[in-house]
Amino acid sequence: MDLVAWVREDFGIPLIGVQPTGLGADARAVTFVAEARDGSRYAVKTSTAPQLGLVVADFLAAQGVCGIPAPVRALDGGLTAVRGGQRLSVVPWVGQRRALEGGMDEAQWRGLGRLLAQVHAIHADDPVLAVLPTEGPDPGRLVQRARAMPGRLTRCSAGDSLLRELRDLWGAHQARVLEVADRAEALVASPAWAVANNVVCHSDPHQGNIVVGADGDVWLLDWDDAVLAAREADLMFALGGVLAFAPITADEKRAFFDGYGTTDWDVDLMGYFQCVRALDDVLSWSEEVLANAQHRNQQAREALDIVRGILSPAGLVAHALGEAPS
């Protein structure tokens, strides 16, 4: 499919070329950087998924929330153009670099705090946001998967070195993972849920989804996993972070909450979302190894490295259990 022609015909933008970025964890989507004749650049994305995050980003940008690029509308007024089962979207290219590639200074961490404070202040009952799922205290499926994983690994072939490494990792950390599962279950009974207010949450505001613009401003991208949830679902990303190789420092955390305007968050809700994220990540990436180990491909090796990071002293499991360095 000719992307240049597609964008020209359905969005009216005279592109002169596109290149894949190689970024993004969604196997259903491919993101390209595209250049127009006037030098403007765009993020062009094709996907077989609905791209509901565009609805959220368009709404938040229209509400004046800083740091969220508004999608470009197609000539028919829609946020996507559909051909052959693929949805195409176009968003202005706002970033000079990802935050992962050079970090953020304290002013930029404050900017991220202000951005999320604006998002969380949006009225969550607006009809536009009816597309969003609600994330409440229901870890049942994750807990079941965690308790079943040791048995699944026991039945794996010990002759495969990747599977053997994965099984050894789980053998060494199984008790800690199951403790996270137990804690998630226990926190469902917290009285904090009765008074928690659901707000619009990005649900994945880690440094890989943050870009720094040429003027130093921060932009938060990829709203496809946005949910209605207690704000702790986002704030947990400022408490140590979720990437073992890019932990949030005390100074960065302080700057973030300076921008956010308050450190008034609930310990139980924060703990719950940390546990759920730790379980989701360690299980999903372990299952990625199981699915690809027989192919001996780079995807399986990278997934195994991610599992190792999640279980490391600076990883998500340690944060969920309160073991990570402060």
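This short presentation covers one helix and its surroundings, two helix pairs, and a single strand residue.

Good morning. The structure before you is a predicted model, and I shall go through it element by element.

I begin with helix α1, which spans residues 3-11. Which of its residues are buried? They are Leu3, Val4, Trp6, Val7, Asp10 and Phe11. Viewed down the axis of α1, these buried residues fall within an arc of 165°, so they line one face of the helix. As for what covers them, the list includes five strands: β1 (15-20), β2 (29-36), β3 (41-47), β4 (81-83) and β5 (86-92).

Both ends of α1 can also be described. At the N-terminal end, Asp2 acts as the cap; one of its side-chain oxygens lies 3.1 Å from the backbone nitrogen of Val4. Val4, as I said, is also among the buried residues of the helix. After α1 comes Gly12, with a positive phi near 75°.

One of the strands covering α1 is β3, and Ala43 has its place in that strand. What does Ala43 contact, once neighbours within four places in sequence are left aside? The partners are Phe32, Ser89, Val90, Val91, Pro92 and Trp93. By comparison, Leu115 is 72 residues from Ala43 in sequence, and their C-alpha atoms are 21 Å apart in space.

I turn now to the helix pairs. The first I shall discuss is α4, residues 106-121, with α8, residues 250-260. Their axes come within 6 Å and cross at roughly 40°. Angles under 35 degrees would count as roughly parallel; α4 and α8 are therefore oblique to each other. Their crossing is right-handed. On the α4 side, the contact is made by Glu106, Trp109, Arg110, Leu112, Gly113, Arg114, Leu116, Ala117 and His120. From α8, the contributors are Asp251, Glu252, Ala255, Phe256, Asp258, Gly259 and Tyr260.

The other pair is α6, residues 161-187, and α10, residues 298-310. How do these two helices pack? The angle is about 10°, and the axes are 11 Å apart. That angle makes α6 roughly parallel to α10. Here α6 passes α10 in a left-handed crossing, whereas that of α4 and α8 is right-handed. Leu162, Glu165, Leu166 and Leu169 represent α6 in the contact, and they meet Ala300, Arg301, Leu304, Val307 and Arg308 of α10.

To close, I return to the two pairs: α4 and α8 are oblique, while α6 and α10 are roughly parallel. Thank you.

How values were computed
Residues numbered from 1 in each chain as written. Predicted model: local features only at pLDDT ≥ 70, side-chain atom pairs only at ≥ 80, totals over all residues. Heavy atoms only, no water. Buried < 20%, exposed > 50% of the residue type's maximum accessible area, 1.4 Å probe, protein only. Helix = DSSP H or I, 4+ residues; strand = E, 2+ residues; numbered from the N terminus. Arc of directions from axis to C-beta. Contact = heavy atoms within 4.5 Å. Polar contact = N/O pair within 3.5 Å; in protein donor to acceptor, adjacent residues only side chain to side chain. Axes fitted to C-alpha atoms, helices over the stretch in contact; angles between N-to-C directions. Parallel < 35°, antiparallel > 145°, perpendicular 65-115°, else oblique. Left-handed = near helix turned anticlockwise from the far one by under 90°.
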